Amino acid sequence: MCGLAGLARHPEAGERDRAAFIFEELVKLNEKRGRHATGIAVAHVDKVHVGKWAVTASKVLESEPWAAMMGRAKRARIVIGHTRYATIANANDDDAAHPFAFGSTVGAHNGHVGNWRDLKVKFEKSTKQEDAGWISDSEGVVEMLSRVKKPDSVLDALDGWWALTWAKKGRLFLTRTSERPLSCAYVPFMRTLFWSSERTALVRVLEAALPHGTKDAEIYGLNEAVLYEFDPTKFNGRGTGRKQRVLQLRGKKTTESRKTSFARSQQAGLWDGRRQVTPDDSRVRRLQEENERLAARVEFLEEEMTAMWQVLKDAGLGWEDETVAIPDEFPNVDDLPDDPPF
């Protein structure tokens, strides 16, 4: 579990100090989602600056390097923040923190991509590289997105759960699956869009930071399996602009050679992250696919538990070679009190 936060604004938007305050508060409140590392990316149309440290957000935000990045952020069109909970790469490695940048593309990720190593092999073959050097699934996803004109093909190939935010050539992209939350708020008088993994954080900060609280903002959660693309130059006093595009991610062809939207497939229970099946398939096939989804979920939870266990051991809070005494007999239910002692 990681935390995403950020802002995108019109190039001529005002209220830059207020926007910086809101952004930093969102990063602070997302710290509980990840305390291993904190990162920030400042994105212009053709230039990106990234700062990331294997330190908690509350400590980083008091540092000079962060202050320097916020100085850049006040002049930027898009700012991406991330708080990391490490599940794959070294929790103490600054380079393993988010965001990741490739050229004019920079992005951050919350979630787990189970097939990232397979995708790495395919990527190396297509780019003729011996080793792409990906530290984690997140870095791989961002590099793949940096190399395609249409991100749908990359997102269709991912097997797992994610919330993704990335900037590319001055445009902002947001998407998520059902397992990962992500909410947005557009503030018309600031011509600025904010986003956060924690919806409660978004509401809390805007209520405190805006003249009329949340009445000054339009707050909404992102629909599952839909790719949102924003052009900040279209932001105005009424909304994000009519030319903002919401793309339905395209699924693979069905056995009837029909294309079905990713969103509709997921809602209909026809998507397992790897392939689509037709509505006419048997109930047994559906149950098999549900088992596959559950197995992938268990694998992900096991990785998170392993990482958490390692953190406890590193902190001297774990234990080894200890046994837990199990009583020979347990009390009879009839002997227990009628009301719990609380």
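Leaving out neighbours within four places in sequence, threonine 105 touches Phe100, Val142, Ser146, Trp166, Ala167 and Lys168. The model behind this report is predicted. Threonine 105 sits in strand E6, which covers residues 105–113. With a relative accessibility of 1%, threonine 105 is buried, because buried means under 20%.

## A buried helix

Two of those contact partners, Val142 and Ser146, lead to helix H5. Helix H5 takes in residues 137–146, and ten of its ten residues are buried, so the rest of the structure largely encloses it. The buried residues include charged names such as Asp137, Glu139 and Glu143. Gly140, Val141, Met144 and Leu145 are buried too.

What covers helix H5? Its cover includes strands E5 (100–102), E6 and E7 (160–168). Helices H4 (116–127) and H6 (152–157) are also among the covering elements.

## The whole protein

The protein has 342 residues, and 50% of them count as buried. Its elements are nine helices and 13 strands. Consider contacts between residues with a separation of 6 or more: 63% of these join residues 24 or more positions apart. The accessible surface comes to about 17900 Å². Carbon and sulfur atoms make up 49% of that surface.

Leucine 227 gives one example of a long step in sequence. Leucine 227 and phenylalanine 173 are 54 residues apart in sequence, yet their C-alpha atoms are 7.0 Å apart in space. Leucine 227 belongs to strand E12 (residues 226–230). Its relative accessible area is 0%, so leucine 227 is buried.

How many disulfides are there? The count is zero. Cysteine 2 is buried, at 6% relative accessible area. Cysteine 184 is buried as well, at 0%.

## Two helices that pack

Helix H1 (residues 16–29) packs against helix H7 (residues 199–209). Their axes lie 10 Å apart, at an angle of about 145 degrees. The crossing of H1 and H7 is right-handed. On the H1 side, the contact uses Arg18, Phe21, Ile22, Glu25, Leu26 and Leu29. On the H7 side, Ala201, Leu202, Arg204, Val205, Leu206 and Ala209 take part. Nine residues of this contact are nonpolar, three are charged and none is polar.

The numbering of these residues has a general background. An α-helix has 3.6 residues a turn, so residues three or four places apart point the same way.

## Backbone details

Most residues other than glycine have a negative phi, and most peptide bonds are trans. Three places in this model go the other way.

One is the peptide bond from histidine 98 to proline 99, which is cis, with omega near -5 degrees. Proline 99 lies in the loop between strand E4 (78–84) and E5.

The other two are residues with a positive phi, listed here.

| Residue | Phi | Loop | Relative accessibility |
|---|---|---|---|
| Lysine 128 | near 60 degrees | between H4 and H5 | 77% |
| Arginine 191 | about 50 degrees | between E9 (183–187) and E10 (192–196) | 24% |

Is lysine 128 buried or exposed? At 77% relative accessible area, lysine 128 is exposed, because exposed means over 50%. Arginine 191, at 24%, counts as partly exposed. Neither residue is a glycine.

Conventions: Residues are numbered from 1 along each chain as its sequence is written. This is a predicted model: local features need pLDDT of at least 70, side-chain atom pairs count only at pLDDT 80 or more; totals for chains, interfaces and linings use all residues. Side-chain values use heavy atoms; hydrogens and water are left out. Helices (H or I, at least four residues) and strands (E, at least two) are DSSP runs, numbered from the N terminus. Buried means under 20% relative accessible area, exposed over 50%, partly exposed in between (1.4 Å probe, protein chains only). Contact means heavy atoms within 4.5 Å. Accessible areas come from the Shrake-Rupley method with a 1.4 Å probe; for residues, only the protein chains shown count as cover. A disulfide is a pair of cysteine sulfur atoms within 2.5 Å. Axes are lines fitted to C-alpha atoms, for helices over the stretch in contact, and angles run from 0 to 180 degrees between N-to-C directions. A crossing is left-handed if the near helix is turned anticlockwise from the far one by less than a right angle, and right-handed if clockwise.
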